[in-house]
Amino acid sequence: MTVLSAPPTTVDGPPAALSDTSPCAQLDARERELCTVALDLLAETGYEALSMDALAKRARASKATIYRRWSNKAELIVDALRLVGDCGFVVPDTGSLRDDLLEAARAFGTVAASRSGLFASVAHATKTDERLCTAVRERLTEPRRRVMVEIVERAVARGELPAGAARLPLAHDLLPALLMARLAMRQPVDESFVLDLVDTVLLPVLRQPVLEQQP
């Protein structure tokens with residue numbers, strides 16, 4: 001199975017991730033090379049058909065070298081996907097909630113557009129591969145959730161949002177979901193879309209008061 005590439009994006013900005021846990025800092029040059037080869041194979045075969053044997057052959061590496069760093073294929077592929085976006089990213093701290101969200105959305109959009117087919121392939125595979133699902137949750141979803149948490153906590157400290165920000169989980173889920181839906185329709189993640197995403201979706205959700213449930 002060949003995974004189709006995404007349409008080009010017109011949004012400029014740094015890729016999205018957390019610098020303190022980035023594979024760029026944690027992996028050596030050879031391990032980063034293995035991640036690059038793994039992504040090439042993923043694009044060619046899809047997740048299910050990708051094997052460690054094929055990776056070792058393509059990368060001219062022993063399987064012992066691969067398993068010394070990753071205990072299974074799921075962890076390797078998720079780290080490889082993180083490597084696409086983690087290098088050089090710093091959580092936005094512009095002094096404004098809106099501007100922080102814009103910077104994060106631009107960065108996430110750039111990464112998602114650059115490898116949308118690969119992310120889609122992995123997302124599909126999580127439905128039947130529990131090990132992959134766990135790796136995605138721990139190594140992809142949680143680090144990106146912490147980006148949103150940090151942005152919101154700073155906004156609360158500045159008085160832009162009420163303490164608690166009870167709708168943070170919804171805002172976090174909406175950002176990647178709407179980005180991937182946009183790319184699935186082969187629409188560009190351009191500046192106009194990013195502005196609409198932040199101004200008409202994320203900010204209203206975060207600012208919406210949570211009504212107390214009636215007994």
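Helix H9 contributes more residues to the lining of the largest pocket than any other element, giving seven. The model described here is predicted, and the points below take up that pocket and then three places where helices pack against one another. H9 also packs against helix H10, while helix H6 packs against H10 and comes within 10 Å of helix H8, axis to axis.

**The largest pocket**

- The largest pocket holds about 660 Å³ of space, and of the 22 residues that line it, those closest to its centre are Phe119, Thr141, Arg144, Pro176 and Met180.
- Two or more lining residues come from each of helix H6 (97-114), helix H7 (116-125), helix H8 (130-158) and H9.
- By residue class, the lining of this pocket divides into 16 nonpolar, three polar and three charged residues.

**H9 against H10**

- Helix H9, which spans residues 168-184, and helix H10, which spans residues 191-207, have axes that come within 9 Å and cross at roughly 155°.
- Because an angle over 145 degrees counts as roughly antiparallel, H9 and H10 are therefore described as roughly antiparallel to each other, and their crossing is right-handed.
- On the H9 side the contact is made by Leu168, Leu170, Ala171, Leu174, Leu175, Leu178, Leu179 and Arg182, and on the H10 side by Phe193, Leu197, Val201, Leu202, Val205 and Leu206.
- The residues of this contact between H9 and H10 comprise 13 nonpolar, no polar and one charged.

**H6 against H10**

- H6 and H10 pack with their axes 10 Å apart and at an angle of about 130°, and they are therefore oblique to each other.
- The crossing in which H6 passes H10 is right-handed.
- From H6, the residues Leu97, Arg98, Leu101, Leu102, Ala105 and Arg106 meet Glu191, Val194, Leu195, Leu197, Val198, Asp199, Leu202, Leu203 and Leu206 of H10.
- The contact of H6 with H10 is made up of 11 nonpolar, no polar and four charged residues.

**H6 against H8**

- The axes of H6 and H8 cross at roughly 170° and come within 10 Å, and H6 and H8 are therefore roughly antiparallel to each other.
- H6 passes H8 in a crossing that is right-handed.
- In this contact Leu97, Asp100, Leu101, Ala104 and Phe108 of H6 meet Arg144, Val147, Met148, Ile151, Ala155 and Arg158 of H8, and the residues involved divide into eight nonpolar, no polar and three charged.

**Residues that recur**

- Arg144 of H8 meets H6 in the contact between those helices, and Arg144 is also among the residues closest to the centre of the largest pocket.
- Leu97 and Leu101 of H6 take part in the contact with H10 and also in the contact with H8.
- Leu197, Leu202 and Leu206 of H10 are among the residues that make the contact with H9, and Leu197, Leu202 and Leu206 also meet H6.

Terms used: Residues are numbered from 1 along each chain as its sequence is written. This is a predicted model: local features need pLDDT of at least 70, side-chain atom pairs count only at pLDDT 80 or more; totals for chains, interfaces and linings use all residues. Side-chain values use heavy atoms; hydrogens and water are left out. Axes are lines fitted to C-alpha atoms, for helices over the stretch in contact, and angles run from 0 to 180 degrees between N-to-C directions. Helices (H or I, at least four residues) and strands (E, at least two) are DSSP runs, numbered from the N terminus. Angles under 35 degrees count as roughly parallel, over 145 as roughly antiparallel, 65 to 115 as roughly perpendicular and the rest as oblique. A crossing is left-handed if the near helix is turned anticlockwise from the far one by less than a right angle, and right-handed if clockwise. Contact means heavy atoms within 4.5 Å. Ala, Val, Leu, Ile, Met, Phe, Trp, Tyr, Cys and Pro count as nonpolar, Asp, Glu, Lys and Arg as charged, and the others, Gly among them, as polar. On a 1 Å grid over the protein atoms alone, a cavity is a set of points where a 1.4 Å probe fits but cannot get out, and a pocket is an open set with protein on both sides within 12 Å along at least five of seven lines; lining residues have an atom within 4 Å of a point. Grid points are joined across faces, edges and corners, and a volume is the space filled by probe spheres set on the points.
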